[in-house]
Amino acid sequence: MKRIFAMLALMGAVAFGAPAWAEEKAADAAAPVATAVAEAPAAVAAPAAAAAEAAPAAAEAAPIVLSKADNAWIMICAALVILMSIPGLALFYGGLVRTKNMLSVLMQVFVVFSLISVLWVIYGYSAAFTEGNAFFGVLDKLFLKGVTPDSLGATFSKGVAISELTFVIFQGAFAAITCGLIVGSFAERAKFSAILVFMVIWFTLSYIPMAHMVWYWAGPDAYTDAAAAEAMGATAGFLFQKGALDFAGGTVVHINAAVAGLVGAYMIGKRTGLGNVAMAPHSLTFTMIGASLLWFGWFGFNAGSALEASGGSALAMVNTWVATACATLSWMAAEWMLKGKPSMLGAASGAVAGLVAITPAAGFVGIMGAIVIGLLAGVVCLWGVNGLKKMLGADDSLDVFGVHGVGGILGAILTGVFADPALGGTGVYDYVANAVAPFDMTAQVISQFWGVGTAIVWSGVVSIVAYKLVDIVIGLRVPEEEEREGLDLTSHGESAYHH
């Protein structure tokens, strides 16, 4: 427990440790210069390229109209994000565990996806994406009350909307895969019932508020003048007001889940026999297939976060493609030099590292920025699953923190650098002036540290409390004899293979 608190304190100090002299500059850049009237919010501060395509004159308020093309694109993207969880993430994780635990991992990801999908419709969407305070929305839309086929949700262009139901499923798929990611940290030893109860608590108290803090705003259409922008900005989420940019989930998804996983690895303890028993992945074939499905689905994850079938969406898609390829190559090359041989596991892990790192930046950086982020992600995350993992001393079974935590932190911070238009980025769009705002890199990087630090501390504290409660009531870990026999048979009464 002392190690966990020390780790959280250190990471929080680093993330919040921007110099005091820069605080005023950060405040000046705090709220991405936006906000407005449609109830279902857009995902992040507007990608300037997308907003510029459809921005009307400042003095004229455009009627809000459903775009069938944009709506169709986001529905497709929602399906792609679902594919990332089942079967993508399930196969990626399943191939990395031992034969006797294959079905347990598939079951955990599959059922967690189902559980969070239901909770999202019951209360998650309402608590995350309605106007409340800076940390939580309200429960006016329990069971999607009032959300009809005619309800509209804002995009990043004034006057352009998608169906609110489309936005509901798109964001619900994000919530489901975030919780599924955590499973990898304590694979092969956790009680199935404990995992499910933990996920309910963590989803409610960590995922929902992080999504609200980063992504809740009222949309662009109310940004008619400076006074309206100031008033609407005050209703946005805490980190949105701080100016933190997160295009598709570097903080909300990856850092958030990775910290929860790392805390779980500490509190559940190491696998029985670690260091003495062979624990090599049983099927790198499945892992490669899973990684490929993740990469494919991630186009929906990132490009869909533009909320329009726009140039901004295309930029996010290309960045996702190229950054992932760069990370695959850089991880492989570094591993080749260090170990003498390139591995399939390394290439697949590098791809996921690149996907993670480009996620917060995808719609904000140019192609060169994506290349740099990808190349760095492969090398830095390779260190994360080797050197850093040894330093932390946790048995993070499938390297969730080393890839998703380290990659998410790297990508979130570099977003503040490469979003600069001078470096090929889009900048941040000013919905009052209907133009890209002047960019202050120092202030933006400080805002990014706010996002990273908040995600680390918030998820860490919630996770410690949630794991402890579950341990007291249910117990976190299966008995040693069940762990040695394998969770497939002892927890589920099935075997993945009969040969």
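Here are some exercises on a predicted model, each with a worked solution.

Residues are counted from 1 along each chain as its sequence is written. Because the model is predicted, local features need pLDDT of at least 70 and side-chain atom pairs count only at pLDDT 80 or more, while totals for chains, interfaces and linings use all residues; side-chain values use heavy atoms, with hydrogens and water left out.

**Exercise 1: the sheet**

Work out the order of the strands in the open sheet and say which strands stand at the edges.

*Solution.* Start with the ground rules. Strands of a sheet pair through backbone hydrogen bonds, either parallel or antiparallel. Here strands (E, at least two residues) and helices (H or I, at least four) are DSSP runs, numbered from the N terminus. Two strands pair if DSSP finds at least two bridges between them.

Step 1: take β2 and β3 (residues 160-163). Three bridges join them, and they run antiparallel. Ala 154 has Ala 161 as its bridge partner in β3, and Leu 152 sits opposite Ser 163.

Step 2: take β1 and β3. They pair in the parallel sense over two bridges, with Val 65 opposite Val 160 in β3.

Step 3: put it together. The order is β1-β3-β2, and the pairing is mixed. β1 (65-66) and β2 (152-154) are at the edges with a single partner strand each, so one side of each has no neighbour in the sheet.

Step 4: look at the link. β2 and β3 form a hairpin with five residues between them, and Gly 159 in the turn has a positive phi of about 85°.

**Exercise 2: helices on the sheet**

Find which strands α4 lies across and which strands α6 touches, and give the angles to β3.

*Solution.* Contact means heavy atoms within 4.5 Å. Axes are lines fitted to C-alpha atoms (for helices, over the stretch in contact), and angles run from 0 to 180 degrees between N-to-C directions.

Step 1: α4 lies across β1 and β3, at about 45° to β3.

Step 2: α6 packs on the sheet and touches β2 and β3, with its direction at about 70° to that of β3.

**Exercise 3: cavities**

Describe the two largest cavities by volume and lining.

*Solution.* Rolling a probe the size of a water molecule over the atoms shows where empty space is left. On a 1 Å grid over the protein atoms alone, a cavity is a set of points where a 1.4 Å probe fits but cannot get out; a pocket is an open set with protein on both sides within 12 Å along at least five of seven lines, and lining residues have an atom within 4 Å of a point. Points are joined across faces, edges and corners, and a volume is the space filled by probe spheres set on them.

Step 1: count. There are four cavities of 30 Å³ or more.

Step 2: the largest has a volume of about 70 Å³. It is lined by 13 residues, and those closest to its centre are Leu 89, Leu 181, Leu 294, Trp 298 and His 404. α4 (68-96) gives the largest share, four residues.

Step 3: sort by class. Ala, Val, Leu, Ile, Met, Phe, Trp, Tyr, Cys and Pro count as nonpolar, Asp, Glu, Lys and Arg as charged, and the others, Gly among them, as polar. That lining has eleven nonpolar, two polar and no charged residues.

Step 4: the second largest cavity has a volume of about 60 Å³. α14 supplies the largest share of its lining, five residues. The classes are six nonpolar, two polar and three charged.

**Exercise 4: the largest pocket**

Give the volume of the largest pocket and the residues closest to its centre.

*Solution.* Step 1: the pocket holds about 710 Å³ of space.

Step 2: of its 31 lining residues, Leu 345, Val 385, Lys 389, Ser 397 and Asp 399 are closest to the centre.

Step 3: α14 gives the largest share, five residues. By class, the lining divides into 16 nonpolar, seven polar and eight charged residues.

**Exercise 5: backbone oddities**

Locate the cis peptide bond and Leu 144, with its positive phi.

*Solution.* Most residues other than glycine have a negative phi, and most peptide bonds are trans.

Step 1: the bond from Ile 86 to Pro 87 is cis, with omega near 10°. Pro 87 is in helix α4.

Step 2: Leu 144 has phi near 60° and is found in the loop between α5 and β2.
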